[in-house]
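Reader: Hey, could you walk me through this one? I'm new to reading structures.
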Amino acid sequence: MLPFILEIGTEEIPDWMIPGALENLQNLFTELLTKHRLQHEALQLDATPRRLVLRCSGVQEAQESTESLVTGPPVSAAFKNDQPTPAAHAFAKKMNTALENIQRVATPKGEYLAFQQKVEGRPTAAILSESLAELVLSIHFPKNMVWAGKGTSRFIRPIRWLVALLGDTVVPFSIEGVSSSNTTAGHRRLGKNSVPVTYATYEQALRDNGVILSADERRKRIVEGSEALAVAKGVKVSLDADLLETLVYITEFPTPILGTFADEYLTLPQEVLITVMKHHQKYFAVHRMDGSLAPHFVAVMNTAADPEGLVVNGNQRVLRARFNDARFFWDVDQKKTLADRVESLGNVTFHAKLGNYLEKTNRNRSLVGKLAELAGADKAHAERAAELAKCDLTTELVKEFTELQGVVGGLYARFQGELETVAAAIYDQYKPTSMDGDIPATLLGQLLSLADKGDTLSSCFSIGLIPKGSSDPFALRRAAQGIVRILVEGEAKLNLEAFDGGNAALREFFTDRIRYYFREVRGFAYDEVNAVMAAGFADLKDALQRLEALREVRPTADFEPLAASFKRIKNILRQAEVSSGAVRQELLTEDAEQALYQEFIQVRDRVKQLRISDDYKGALTAIASLRPAVDAFFDKVLVNAEDQNVRLNRLGLLHQLLTELSAIADFSEIVTR
Amino acid sequence: MSHPHPISYQDLIFRLKRFWAENGCIIQEPYDLEVGAGTMCPETFLRVLGPNPYRVAYVQPSRRPADGRYGDNPNRLYKHMQFQVIAKPTPANIIELYLQSLEAIGIDLSKHDIKFEEDNWESPTLGAWGIGWQVMLDGLEITQFTYFQQCGGFDLDLVPAEITYGLERLTAFLQGVESVYDIEWTPGFSYRTVRHADELQSSVYNFELADIGALWKLFEIHEAEAQRLIDAFADYPEPKRFPVLSAYEQVLKCSNLFNLLDARGAISVTERVAVIGRVRKVAVGVAKLWMAQQFGAAEEVAA
């Protein structure tokens, strides 16, 4: 075993692509070793913006030698009159051996010449040398470039150096004129740009040259450094998880600094301040102990120190200019209220084929009005919220900070004296923005979000804009997922049919989202979801209750055997092509079928009572209690009786049983052990 | 930042020119037509095409009518100055050279924080795109750095690096002033003295007085002239004499008129895409002419 290190030295790689690239590199390398039958110890993957690094403490030095039996010509052709023919000589020559070393083997097709050929294992260095260039260039990135000219290698950014060492020896290969060596480069300012390394000295050599190789260590340095700065000021830093990852992978030597801005900017809404800091400047926001925003920020430098305070000053200056811009936009925007902006939405395109935002606003308004009536909410307020909801698209503040759409509308509505419920609805209209993001906090906000997403979906589907594969430019999956979540988790009890407009493709699209939601987000088993959805899912809150009941009842003793019986009943009915069924009591001849019928009637009535009170667990338990009667029926009664009337009557009984008792969940969908 | 002897605006330009001259660049003067960015000058748009190496640096006044603020906003300008560098092909140490250029204008990088943040560039109007970064100095974006991949619809034979410095921002940073108008152009003269009237009057014209009908007419005249020349190339007996550069000047006129109409609010969002398509058509048409004239290249991509 020899230690191996591969470092791909590049210009700065976009931070968000790095973790995926490392995972890909690990897989590609493991596949390479497996393909060449090379044993190896655990791999260690690391990266900074300028390097992707793979280390392995031990890779087999060379392949094991192998032996294999190579068959040649049939003996009948290789020997004539016990004398070797040219065919025999040719085979020996091909095997690179003397004719006397050639054996004979018996096969079903007769006797053949054969040779036990030994294949020497190749040295790992040779295998790596011929494979590494291709391996490096196979790493997947979302958007590659060429740097050496048209038709040359593609990679995420130009490759400027390559380190490849197996043991103490350089594994030679090259990419676009860059040859592998034992020389890395340090931090652009803190280190030398030519640093000789070995496997053993690599990480320390980088550290000595201003590079912290480990992402975990960089993360720790950012977190602890930021917290220490905050503690010293008596405030608390808000370490946004996404921003933290960005900073970990945009730096080689991260050092946090704390900056300050004037108190006067705190009069701007904190949403605006935080957006400027976080999204535009990559700063962490800082809060006071009481939770209010403090006039500070934490920036993370890609260098060791700020001895003269120049970096803090520079960042403060930039932030001040940004805040001044935001304040300027806020003031300019107040010259025209949201209500005065409705008409100008006619100039903002929603989609070339689907018209402008004024038209969309009118559709949203009409839909939210209907939803409000159904949900028993204030229709006029809902319509007012929809009318003003998109007006912030014409404001300077949203043009500058597009990620604040909706939020700005809500803030302006409040500032301009709209009702608080209307303002809150506008503020939340785009929620939920992710699978685990909050849904709108208020009923009106939920209705507005439903209407906006519902209109977008039905409009897009009506002109055939349907997401395919990974292509979903209008984020319709997210919109549909948002509707599903609000219908299940929100206050209003609304029917899904209000949103699919009878469009079969859209209904199918929703069905996929619902399955995904119940399975991946709520963690129900796929057969439970199938069983409940087979019994209907127009009311998603109800579907959730039925799922919860099913999950509770499922482990009880009678449940799965009964589910198996239901599946059997379904098959029998399918084979008999029975799709309706009446039961004539006088034709119930056997005890077991009479008993099942009596019990079925009782259970059916009890289930009806329990369902009225939404006691799905009780209802399912009652259904499961039919198990002994069902088992006895199948034990004692022959469904396919000779007498046709008796047979049809028995099938009728089974049919009633199945249909009447499948309204909560279709038991036959349950996969039994 | 407090600097004992802050570098003047014009000194900064002199030093950048000197630095890039010493690193093998032609120092060009600004192009004498209205452009929205240094990229649009023939020195970039046409020179990046084809297999010939080229290295050039120049200051380019760049007009963005919609960014005008009547001289009121401390950071936004109708016309700002770019310092544009094209290095074709890109030397392997280009980023190191760029960092040295910052040292050359007086930025002690051992005392500052430099980051390269992903920022790819695309110009639908020019059929061009590239991969690169915005360079952040202490949180301030000071440079766009782009590896051109395609221009005028053509894949580029040699990949050029384009470095675009924002001169006002850099100077304001170095002089520690809050407003670009407070920049010292040279001792005794501020940026305000030199440029404020231009910003104010151009904003008044662009936003209030420009005659929309006249601008549209001009747009159509220049578009037609560009197209007429593009169409005439194929039958022109002596291709080397053909005025491709003059055709490109018509394209630049169209582009600037489009920006003016846009700032004037005369182009609806729906129309916008269509008008961009019209400018792109003549821009890509000229790029094809240039390739054919200079390198005998056949049309290789659909526009």
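Author: Sure, we'll go through chain B, then the contact between the chains, then some parts of chain A. Keep in mind that this is a predicted model.

Reader: Cool. How many helices and strands are in chain B?
Author: Chain B has eight helices and eleven strands.

Reader: And how compact is chain B?
Author: Its radius of gyration is 20 Å, and the globule rule gives 19 Å for 303 residues, so chain B is as compact as a globular protein of that length. The C-alpha trace of chain B spans about 65 × 50 × 30 Å along its principal axes.

Reader: What percentage of chain B counts as buried?
Author: That's 45% of the 303 residues. Also, if you take the contacts in chain B with a separation of 6 or more, 69% of them are between residues 24 or more positions apart.

Reader: OK, on to where the chains touch. How many residues does each chain put into the contact?
Author: Chain A gives 30 residues and chain B gives 34 residues. On the chain A side, strand 9 (145–146), strand 20 (293–301) and helix 9 (310–333) each supply at least two residues.

Reader: Which element of chain A has the largest share of that side?
Author: Helix 9 of chain A, with seven residues.

Reader: What kinds of residues are on that side of chain A?
Author: It's a mix: 14 nonpolar, nine polar and seven charged.

Reader: Switching topic, what about sheets in chain A?
Author: One to look at is an open sheet of three strands in chain A, with the order 4-8-7 and antiparallel pairing. Its edge strands are strand 4 (66–74) and strand 7 (103–107), each pairing on one side only. From one strand to the next, the twist averages 45°.

Reader: What do strands of a sheet pair through?
Author: Backbone hydrogen bonds, and the pairing can be parallel or antiparallel.

Reader: How many bridges join strand 4 to strand 8 in chain A?
Author: Seven, and the two strands run antiparallel. If you want a spot to zoom in on, find V70(A): F115(A) in strand 8 of chain A stands opposite.

Reader: Nice. Last one: which residues are buried in helix 24 of chain A?
Author: Helix 24 covers residues 616–624, and the buried ones are Y616(A), A619(A), L620(A), A622(A), I623(A) and A624(A).

Reader: What covers those buried residues of helix 24?
Author: Other helices of chain A are part of the cover, including helix 21 (540–553), helix 22 (559–575), helix 23 (591–612) and helix 25 (627–636).

Note on methods. Residues numbered from 1 in each chain as written. Chains lettered and ligands numbered in written order. Predicted model: local features only at pLDDT ≥ 70, side-chain atom pairs only at ≥ 80, totals over all residues. Contact = placed C-beta atoms within 7 Å. Helix = DSSP H or I, 4+ residues; strand = E, 2+ residues; numbered from the N terminus. Nonpolar A, V, L, I, M, F, W, Y, C, P; charged D, E, K, R; others polar. Buried ≥ 20, exposed ≤ 12 C-beta atoms within 10 Å, placed from the backbone. Pairing = 2+ DSSP bridges. Axes fitted to C-alpha atoms, helices over the stretch in contact; angles between N-to-C directions. Rg over C-alpha atoms; globule rule 2.2 N^0.38 Å.
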